[in-house]
Amino acid sequence: MKNTPGWQAIEQWLAAKDLKPFTFQEEAWEYYLQGRSGLVNAPTGFGKTFSLFLGAVIRWINEEPEYRSKKHNGLQLLWVTPLRALAKDIGRAMEEALHELHIPWKVGIRSGDTTLAVREQQKKQMPEVLIITPESIHILLSQKGYAERFAGLHTIVVDEWHELLGSKRGVMVELGLSRLRGLNKGLQTWGISATIGNLEEALDVLMGNTSRQTAIVRADVHKAIDVQCILPDEIEKYPWAGHLGIKLLHKALPVIMESNTTLLFTNTRSQSEIWYQQILKACPELAGAIALHHGSIDAELRIWVEEALHTGTLKLVVCTSSLDLGVDFRPVDTVIQVGSPKGVARFLQRAGRSGHRPDAVSKIWFLPTHSLELVEAAALKDAMKANMIESRMPVIMAYDVLLQYLMTLGVSDGFESNEIWQEVKGTFCFRDLTTDEWQWIISFLTTGGEALQSYDEFHKLHKVGDTYHCVSKQQAMRHRLHIGTIVSDAMLKVRFLTGGYIGVIEEYFISRLTAGDSFSLGGQNLEFVMIKDMTVLVRKSKSKKSIVPSWGGGRMPLSSNLGKMLRRKFHEAMAGTAQEEEILVLQPIFDLQQLLSHIPKEDELLMEQIETQDGYHLFVYPFEGRLVHEVMATLLAWRISQQHPITFSIAMNDYGFELLSDQPIPLDDTNAQEYFSLENLTIDLQRSVNATEMARRKFRDIAVIAGLIFQGFPGKAKANRHLQSSASLLFNVFNDYDSQNILLRQAFNEAFFYQMEEARLRESMDRIYHNKIVITFPQRLTPFCFPIKVDSLREQLTSEKLEDRIKKMTLFTYE
Amino acid sequence: MSLEDTAFEFKGQHWRLSAGRAIYWEEEKALIVADLHVGKSAHFRKAGIAVPANIVQEDLYRLQQLITKYHPEKVLIVGDMFHSSANNEVQYFKIWRRQFAHIAFELIEGNHDILEPALYEDLQINLHQVLSLRNFYFVHDREDKPSVLEGHYLISGHIHPGIRMVGAGRQSLRLPCFYFGIEGAVLPAFSGFTGLYSLHPEADSAVFVIAEKKIFRIFQ
């Protein structure tokens, strides 16, 4: 292939800039030109875009002798990217290359930000290269005559595939690909992925059941990473629980001052707002050189920060995962990670955001937000050394996304059941879909489901001949507006009275404010004036005190890799064999734990029974990570509740879990062991999930994605309130009247089985069953239990009769 | 197990508060309910949201049981009887209504009651904006109360009241309730297909929570 005119043209073009292709790029071009599909494994900033883009260009040059003059060739290459922000940068790089190579191809972008004018233009003439988000692929599929637009398409590249895999957006990609492959069996598919633990599986998911020769191309890149911990001077005075880390701010400042440009990552948006404010307070001289960047800040402001980062005019940017993806910022030489990143991959990715000069080392500092987090830091370092990178588990059986997709097809040109059934079955996500389930889904969309004979008046799709169509213009419009799988709580835009957007805030937060209250957003203190047209109007606040909003966001659980490492580290720490500085510093904490309670040995499970004002607590420490603990805690609570009418409040973190009750918990060394028995495990797990609200919570997102809950037309939210119904209501209704509902089943599965590896749970339960269980009765809260006790995310489980519970309760007093 | 009720003497009258979400007023021989929302699930189905139909059947069956238990002379519906425009559930109600031709149905109009007046006539339902009986004003939304109360006590629905309860061991529950405040009372929503709005009880108010088939007065 090297001797083809296309390849030669590329080599010459690069040579003119004193550049040569990287080995992995040549490998990728070779496989691509052979007609293979595959995966390129390369980190950002090392030429991954060109490893595939130029392959398509070479092919074009080889096939078209008139390549310098042929225009308007229709869509050739579809480039899928998860972030709209990335699209622009990629597009620019491609256009530059095309221009210098004298190829009159057009590069277009299609995302939520694309203007109406551009969309119309694309309708008339598709560019040769279209950079698109997964949602926009479905929007194109929702338009009449979509097949024509994709007529000449021969290659699809899915960029940042590791980022999309493992989420429902990945399922959207799979389904979109299945339809495009249905239109053109000869389609070539390539993915670009960062290193994850299951690259082969990632490729399988991307390929579905297409039979093509595939290849995985790995870029040979090794980055040196230097990890250091910022340690508290007096560990005894450092908080035992919490997530802010502000007490160590004064130690982060010298690191920031000595660096050129620093990125300070926090785990939540509120944390980033607080850190930004506190740093400005401590170092007012940084004003103008420090910026804030997170997902709820207005896009224009974020772009400003990104540009400033490129030009090196900022000393510090406080950010969240909002800066995880994207082009490299050359001036960044230091990264500070506040609080545990909960995963090796994320930690490495963030470390990789620094040190982009050749031969530079990526420097990352870890700042613990509570004392025990230092053990996590040590576990993280070990996991990194052992290269234990997490896998991204593909989502399976996402019925809600499938329902949305079928509606999308129904809204455009309609679909033929058998044809689409074959395509859908060919995806990884739905390969195990049964004909019964498919029938249920079609029924649900046409008559509302078979369980209810009286599903009169329900019409989403109509069968016309062999095809299913949506005939209601109103329903079609509503559907197109809500294509996507990102479900967020109602957010309102925040704008200055005098003009200028700042960002978005959750409706729930604003609903609790009155005019005159101050809150901070984007690092500014704002005074709430009023809400008009679904926009929050504010002015600059003169108040010194302001509330930092909180945004509802999931808690990041520790990855199972890190969980294993954590357990090992805790045991080393407790046995006194650990050498790391981070752990040695913790000695006084461990001494206190030993004094008040006990330090478990490798073959022991520690349980603490403590009585406080809140009630009777049982703390259990398996050190298996939050996800396993959530399941184990619920199971234990349920099993106890079967013996005895009792109500539990359940909390957990990555080290252990808590059961709290208003009555003494009937567990001691005579019966503790049997609660960890593997007998009847599966059925007990199912029953315990049913006893909590976990499935109900998962149902909300599922109901929105599947189109059951209408979130309102933008700007017209009030008019459609009559169709808004809380997901909880629907959950109740389905639970009571339609228990075979496939979406209910998905909710239960998502709540439990898909969130943890059942094999891992069995393994831990079995280990504990054969362990020695040590139960202590501390007179005070211990360092181990403290972080769990203060956790506010709680689950409830009860086996008591409602009336018995009410008799012990009182009315809640509002302040 | 049948629906429990509890006796409540209030403002000189005798009331039976039922866990079936209704009040039987002994002096007036009236069964009082609010927020039936007949047709809500059909309304959703028409918009393409698949909600099962059994809700209306269950709700009307419960109303039937209450009528059979108390033998009222009239049924007062304090608003939102029907959820929106005519649909099959309204037809179902028409047939159901025939069982109680001898009982007067008085509907105090709510924001959702938008059917044609002729239809109400056909269903033998008498319409009112506000209903005054003894010294009680029945109005759907308490915000629409008459400007001069003159010693009348308000009885309304609309908000689908719930109350929050807490207990040791960080327990918390939200339950539907009957709420008797200083100025007026709020009835729980009759229909199962409604949400709950948490009330902040005033001092000296009477609160009765509904727990499945039982009803409890909760003292502050």
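# Sheets, pockets and a cavity in a predicted two-chain model

Trainee: This is a predicted model, so let's start with chain B: what is the strand order in its open sheet of seven strands?

Mentor: The pairing in this open sheet is mixed. At its edges stand β1 (5-10) and β7 (125-128) of chain B, each pairing on one side only. Neighbouring strands are turned by 25° against each other on average, direction ignored. Read across, the order in chain B is β1-β2-β3-β4-β5-β6-β7.

Trainee: Which helix packs on that sheet?

Mentor: Look for a helix touching β1, β2 (13-18), β3 (22-25), β4 (30-33), β5 (74-77) and β6 of chain B. Its direction makes about 155° with that of β4(B). That's residues 54-70 of chain B, helix α2.

Trainee: Over in β7(B), which residue stands opposite Leu107(B)?

Mentor: Start with the strands: β6 (residues 104-108) of chain B and β7(B) pair in the parallel sense. Four bridges hold that pairing on record here. Opposite Leu107(B) in β7(B) you'll find Leu127(B).

Trainee: And in the hairpin of β1(B) and β2(B), which residue takes a positive phi?

Mentor: Those two strands run antiparallel, joined by six bridges. Phe10(B) has Gln13(B) in β2(B) as its bridge partner, and there are two residues between the strands. The one with a positive phi, near 50°, is Lys11(B).

Trainee: How does chain B as a whole compare with the globule rule; what is its radius of gyration?

Mentor: Chain B has four helices and 16 strands. For 220 residues the globule rule gives 17 Å, and the chain comes close to that, so it is as compact as a globular protein of that length. Along the principal axes, its C-alpha atoms fill a box of roughly 45 × 45 × 35 Å. The radius of gyration of chain B is 17 Å.

Trainee: Same exercise for chain A: what is its radius of gyration?

Mentor: Chain A comes to 31 helices and 28 strands. The globule rule gives 28 Å for 815 residues, and the chain's value is close to it, so chain A is as compact as a globular protein of that length. Its C-alpha trace spans about 85 × 70 × 60 Å along the principal axes. The radius of gyration of chain A is 28 Å.

Trainee: Chain A has an open sheet of six strands. Why is one side of β26 and of β27 left without a neighbour in the sheet?

Mentor: The order in chain A is β26-β22-β23-β25-β24-β27, with mixed pairing. Neighbouring strands there are turned by 20° against each other on average, direction ignored. β26 (772-776) and β27 (795-798) of chain A stand at the edges, so one side of each has no neighbour: each has a single partner strand.

Trainee: Inside that sheet, what is the bridge partner of Ser649(A) in β25(A)?

Mentor: The strands to look at are β24 (residues 647-652) and β25 (residues 657-661) of chain A. They pair in the antiparallel sense over four bridges. The partner of Ser649(A) in β25(A) is Leu660(A).

Trainee: On to the voids. Which helix gives the most to the lining of the second largest pocket?

Mentor: About 920 Å³ of space lies in that pocket, and of its 32 lining residues the closest to the centre are Gly45(A), Gly47(A), Thr49(A), Phe50(A) and Ala93(A). The lining divides into 14 nonpolar, seven polar and eleven charged residues. At least two residues each come from α1 (5-15), α2 (23-33), α3 (48-63) and α4 (84-100) of chain A. With eight residues, the top contributor is α4(A).

Trainee: And the largest cavity: which helix supplies the largest share of its lining?

Mentor: The largest cavity holds about 250 Å³ of space, and its 17 lining residues include Lys460(A), Arg478(A), His479(A), His482(A) and Gly707(A), which lie nearest its centre. By type, the lining is eight nonpolar, seven polar and two charged residues. Helices α16 (399-411), α19 (473-481) and α26 (694-705) of chain A each supply at least two residues. The largest share, three residues, comes from α19(A).

Key. Residues are numbered from 1 along each chain as its sequence is written. Chains are lettered from A and ligands numbered from 1 in the order in which they are written. This is a predicted model: local features need pLDDT of at least 70, side-chain atom pairs count only at pLDDT 80 or more; totals for chains, interfaces and linings use all residues. Side-chain values use heavy atoms; hydrogens and water are left out. Two strands pair if DSSP finds at least two bridges between them. Axes are lines fitted to C-alpha atoms, for helices over the stretch in contact, and angles run from 0 to 180 degrees between N-to-C directions. Contact means heavy atoms within 4.5 Å. On a 1 Å grid over the protein atoms alone, a cavity is a set of points where a 1.4 Å probe fits but cannot get out, and a pocket is an open set with protein on both sides within 12 Å along at least five of seven lines; lining residues have an atom within 4 Å of a point. Grid points are joined across faces, edges and corners, and a volume is the space filled by probe spheres set on the points. Ala, Val, Leu, Ile, Met, Phe, Trp, Tyr, Cys and Pro count as nonpolar, Asp, Glu, Lys and Arg as charged, and the others, Gly among them, as polar. The radius of gyration is taken over C-alpha atoms; the globule rule is 2.2 Å times the number of residues to the power 0.38.
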